[in-house]
Amino acid sequence: MGSDKTTSDLAGVFHVARRAVEDARTQVDQALREVHEEVAGAREQVALLQEVVRTVTDVDTIKALADPTRLAILRALTRDGLPKSAKELAEDLDQPQTKLYRHLKVLQEAGLIEPAETRVVSGIVETKYRAMQSQVSINPAENLDETREAMFNVIAGSLNDYRDRMLRSVEFDKPEADEEAAKKRGILINLSATISVERADDFQRRLEDLITEFDEFPRDPDGVRVEGLVSWFRPRMPEAAQAPAPEAESA
């Protein structure tokens, strides 16, 4: 009798354990399905985001962009199209997390970013943000006088931010002995020449085509990260320099 009871008890334990394992397996399968659905949804959002190019013309939005930290936040959010929290952005940009909240609010009010998801972490509600466009094009033509200072700050902020990122990379990068390998790590080319208007127009068109091609590349989180800044302008000479020299009076 004792042996039969012991066998019966063990069978009951095994049955309970088997049910627990099956329940745990079901929960894991459900969690994996949810993760796959979230990943598929994120990929779909990234694909849609890569097609959105926003042209900014109003004064308030241009002024919202006239800050290097806000430009850096937008760059970080559009790099791979994935939502990021203030904590993740702070780590990415090497900035204090508390400093970013005000900038996130300004960008959100300008309609440049939006909350993508929220979750509770250690009792605190954490919000992840995503960019509402893959690229921002600024056209101040409608409000030249009101946006002149803001446009100056946008350009200066972009140049300073890129300089800091490139110098940081140079500081921590290991030098390459091979010339071709060194080029893949980064290049810096400063151009200046006087050429025909036709050649300048043609070069600019091809440069814009290359940028469009880059923008259309599918983002790959497992790929190589690249950074770049494209600048092209035709300086206007001061009026005094353009004016012809007065003819010398004859004696």
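These are my notebook entries on a predicted model of one protein.

**Entry 1: overall layout**

I began with the secondary structure and found nine helices and five strands in the protein, which follow one another along the sequence as α-β-α-α-β-α-α-β-β-β-α-α-α-α. I then looked up burial, and of the 251 residues 20% count as buried. The accessible surface comes to about 19400 Å², and 54% of that surface belongs to carbon and sulfur atoms. For the contacts with a separation of 6 or more, I noted that 64% are between residues 24 or more positions apart.

**Entry 2: the nonpolar core**

Next I asked which residues have the most contacts inside the largest nonpolar core. That core has 26 residues, and the ones with the most contacts inside it are L65, I73, L77, L89, L104 and I113. Two or more residues each come from α2 (59–65), α3 (68–80), α4 (86–93), α5 (97–109), β4 (124–131) and α6 (144–172), and of these elements α3 gives the most, with six residues. As background I wrote down that nonpolar side chains tend to be buried together in soluble globular proteins.

**Entry 3: I113 and the β3–β4 hairpin**

I followed I113 further, leaving aside residues up to four places away in sequence, and found that I113 touches L74, L77, L104, L107, Q108, Y129, R130, A131 and M132. One of these, A131 in β4, stands opposite I113. Strand β3 covers residues 113–121 and runs antiparallel to β4, with eight bridges joining the two. The two strands form a hairpin with two residues between them, and in the turn S122 has a positive phi of about 55 degrees.

I also looked at charges here, and E126 forms a salt bridge with R119, with the closest N and O atoms 2.8 Å apart. Are the two partners buried or partly exposed? E126 counts as buried because its relative accessibility of 16% is under the 20% cut-off, whereas R119, at 44%, counts as partly exposed.

**Entry 4: salt bridges at α8**

The count for the protein comes to 15 salt bridges, and I looked up two that involve helix α8. The side chains of R234 and D201 meet at 2.7 Å, N to O; this pair links distant parts of the chain, since R234 lies in the loop between α8 and α9 and D201 in helix α8, 33 residues apart. R234 is partly exposed at 43% relative accessibility, and D201 is also in the partly exposed class, at 28%.

The other pair is R206 with D202, where the closest N and O atoms are 3.1 Å apart. Both residues belong to helix α8, and because they are four residues apart, about one helical turn separates them. R206 is partly exposed, with a relative accessible area of 47%, and D202 counts as partly exposed at 33%. Elsewhere I noted that salt bridges with shared partners join R75, R79, D92, D161, R165, R225 and E227 into one network.

**Entry 5: a nonpolar surface patch**

Last, I asked which residues form a nonpolar patch on the surface. The patch consists of I187, I189, L191, I195, F203 and W232, and together these have about 600 Å² of accessible area. W232 sits in the loop between α8 (197–215) and α9 (239–242). The relative accessible area of W232 is 31%, so this residue is partly exposed, and it passes the patch cut-off of over 30%.

Definitions and conventions:
Residues are numbered from 1 along each chain as its sequence is written. This is a predicted model: local features need pLDDT of at least 70, side-chain atom pairs count only at pLDDT 80 or more; totals for chains, interfaces and linings use all residues. Side-chain values use heavy atoms; hydrogens and water are left out. Patches are made of residues with over 30% relative accessible area and no salt bridge: like charges are joined within 9 Å, nonpolar side chains (Val, Leu, Ile, Met, Phe, Trp, Tyr) within 5 Å. Accessible areas come from the Shrake-Rupley method with a 1.4 Å probe; for residues, only the protein chains shown count as cover. A salt bridge is a side-chain nitrogen of Lys or Arg within 4 Å of a carboxyl oxygen of Asp or Glu. Buried means under 20% relative accessible area, exposed over 50%, partly exposed in between (1.4 Å probe, protein chains only). Contact means heavy atoms within 4.5 Å. A nonpolar core is a set of buried Ala, Val, Leu, Ile, Met, Phe, Trp, Tyr and Cys residues joined through side-chain atoms within 4.5 Å. Two strands pair if DSSP finds at least two bridges between them.
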